[in-house]
Amino acid sequence: MLRAGSRIGQSARALCASRLAARGRADFTYSLTEPLPNTPQCGQEIPPAQRQLVEFTNGIYVGATTSTSALTTINMVVRAGSRFELPDEVGVSHFMRRVAYKSTEKHTAVYMTCLPQWFGMTLSCTGTRDAIVYSGTCLKDDVDQLLDVMCQTVAYPKIYNWEVRYFPHEHDHITARLIDAHQRIAGDNTGLSEDSVLALYDAIQTRAFRGGLSNSVYCPTHRMRDVDDLVVAAYHKRRFVGSNIGVFGAGIHPEDLVSGVTRHGLYNLPKGEATSLQAEGASKFTCSTYEIRNDNKCADVTSVLVGNGAGLSSEVPHLSSMLLQRILGGPGLMESGYNPSRLQNATEKAIGGRLVQAQAVNINYSDNGLFGLQVQAGRDDIKSAVKAAVGEFTLAASNVTEKELNAAKAELVTDMLSTQETHAGILEDMAFQTLYRGGKYLVPEKAAERVKAVTLKDVKTFAQSVINSKHVLGQTGDLRNAPFVDDLGL
């Protein structure tokens with residue numbers, strides 16, 4: 001908290017006052033009967049959004065779209081997820097996320113903390129097995145400051161040993177308090193262990209793949225002492241190169257984003273070697289059936305059965321997986337009112353209408369994926385419910401109708417177009433298409449045409465390939481009556 005008489009408090013108040021005065025808002029005396037300046041009025045045509053995608057000579061993709069929002073959101077996507085960790089680097093991507101927005105070669109950690117607070121920015125760093133995503137939101141007038149913070153974080157971090165390296169408390173209690181990354185990672189791992197379903201999905205993906213995708217997005221506890229500042233710096237140097245980075249903005253003119261990225265140093269990054277997924281991070285679905293059974297005291301049982309799915313880079317199988325998920329019924333895909341899906345209907349009928357939840361699971365990575373089903377029911381009903389869900393899934397591979405497919409297409413197209421109403425949806429779509437489909441970007445209307453071109457044969461072929469693949473069955477809860485893989489007839 002800033003004290004009223006402190007030097008920092010006086011500086012902060014002076015900065016805010018000068019910025020408000022410069023914008024002509026010192027007294028906030030706007031008339032309620034006059035239109036606000038520089039805002040579209042009722043009946044006035046809003047100009048269409050301008051979208052542009054540029055590739056720098058060092059391999060960085062920069063894409064932006066304009067909008068009428070007062071806010072600007074920028075995502076910097078780096079293909080440096082956990083799948084690219086080498087055996088002696090396991091867990092380092094988790095550390096990369098936890099040391100984001102700290103000291104850089106240009107700014108101190110204090111500056112990187114105070115500047116976003118002064119300008120009201122929102123910063124975050126998230127990660128998947130494929131990528132690490134740095135995201136920031138600010139007012140349009142403050143984009144230059146936001147780009148400064150984000151470009152410095154991505155391109156020129158200064159990682160100190162006391163931020164990453166493990167120090168036992170008995171060795172130096174003062175230094176131990178500074179190990180912020182270790183404390184945060186330990187907290188993340190604790191949250192994972194307490195969420196049985198989240199832990200189950202993480203274990204399933206670890207067992208389902210051979211290669212980079214078997215690496216968890218969480219740093220294993222036994223690896224926390226082995227990751228130090230040298231390991232993190234080496235990983236950053238190897239993966240944070242131009243050919244692995246994409247910068248995408250919403251609510252900003254494309255030319256402004258290109259000039260800002262160039263001015264703040266991303267243009268100077270090396271391009272890096274053009275390593276494909278076959279050379280680094282390559283993964284394939286494992287060739288053996290596997291079971292994960294996590295027995296605990298929870299009365300309900302959650303069963304997840306998955307087979308080999310589709311990757312983002314394969315357009316037709318990927319679209320087929322999304323359509324099949326909507327035909328079977330997936331999470332958050334039910335309209336208002338009670339309109340149960342095929343899986344829900346089958347499982348409810350099998351256990352006499354008792355409480356059950358069944359849905360399709362579709363997880364997509366750049367070159368591979370998982371597809372299957374999740375069933376949650378009481379311990380006495382779980383075996384019958386899972387068998388019924390598997391039977392309905394097998395039946396759907398042969399008897400999907402054109403009516404069901406057309407309804408799924410309409411729902412998917414609606415979802416694709418509705419995501420363009422938010423900055424988050426626009427940026428996710430631009431990053432996915434640009435980074436995982438060779439720099440090609442289709443506007444939503446063109447992408448909708450690709451969805452309509454998927455045939456009934458494509459969907460059935462994909463469904464049959466999932467059934468014919470090997471499977472991973474993961475279960476958590478009271479497993480006294482839970483089924484095994486050989487009970488399901490697969």
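Contact here means heavy atoms within 4.5 Å of each other. With that in hand, here are some close-up views of this predicted model.

**View 1. Helix H11 meets helix H14.** On the H11 side, the residues in contact are Met322, Leu323, Arg326 and Ile327. They meet Glu404, Leu405, Ala408, Lys409, Glu411, Leu412 and Asp415 of H14. Sorted by character, the residues of this contact comprise six nonpolar and five charged ones, with no polar residue among them.

**View 2. How H11 and H14 cross.** Two packed helices are described by the angle between their axes and the distance between the axes. For H11 (residues 315-328) and H14 (residues 402-418), the angle is about 110° and the axes lie 9 Å apart. H11 is therefore roughly perpendicular to H14. The crossing of H11 over H14 is right-handed.

**View 3. Strand S12 and its two partners, S10 and S11.** S12 spans residues 369-378, and nine of its 10 residues are buried. Strand S10 (residues 300-308) pairs with S12 in the antiparallel sense over nine bridges. Here Val304 has Gln374 of S12 as its bridge partner. Strand S11 (residues 356-364) is also antiparallel to S12, again over nine bridges. In that pairing, look for Ala358 opposite Val375 of S12. A hairpin of four residues leads from S11 to S12.

**View 4. An open sheet of six strands.** Strands of a sheet pair through backbone hydrogen bonds, either parallel or antiparallel. In this sheet the pairing is mixed, and the strand order is S1-S2-S7-S3-S5-S4. S1 (51-55) and S4 (122-127) stand at the edges with a single partner strand each, so one side of each has no neighbour in the sheet. On average, and ignoring direction, neighbouring strands are turned by 10° against each other.

**View 5. The edge strand S4 beside S5.** S4 and S5 (residues 132-139) run antiparallel and are joined by six bridges. To find your place in this pair, start with Thr122, which stands opposite Thr137 in S5.

**View 6. Helices H4 and H10 on the sheet.** Helix H4 (residues 143-155) lies across S3 (71-78), S4, S5 and S7 (245-250). The direction of H4 is at about 15° to S3. Helix H10 (residues 254-263) packs on the sheet as well, touching S1, S2 (61-65), S3 and S7. The direction of H10 makes about 145° with that of S2.

Key:
Residues numbered from 1 in each chain as written. Predicted model: local features only at pLDDT ≥ 70, side-chain atom pairs only at ≥ 80, totals over all residues. Heavy atoms only, no water. Buried < 20%, exposed > 50% of the residue type's maximum accessible area, 1.4 Å probe, protein only. Helix = DSSP H or I, 4+ residues; strand = E, 2+ residues; numbered from the N terminus. Pairing = 2+ DSSP bridges. Axes fitted to C-alpha atoms, helices over the stretch in contact; angles between N-to-C directions. Parallel < 35°, antiparallel > 145°, perpendicular 65-115°, else oblique. Left-handed = near helix turned anticlockwise from the far one by under 90°. Nonpolar A, V, L, I, M, F, W, Y, C, P; charged D, E, K, R; others polar.
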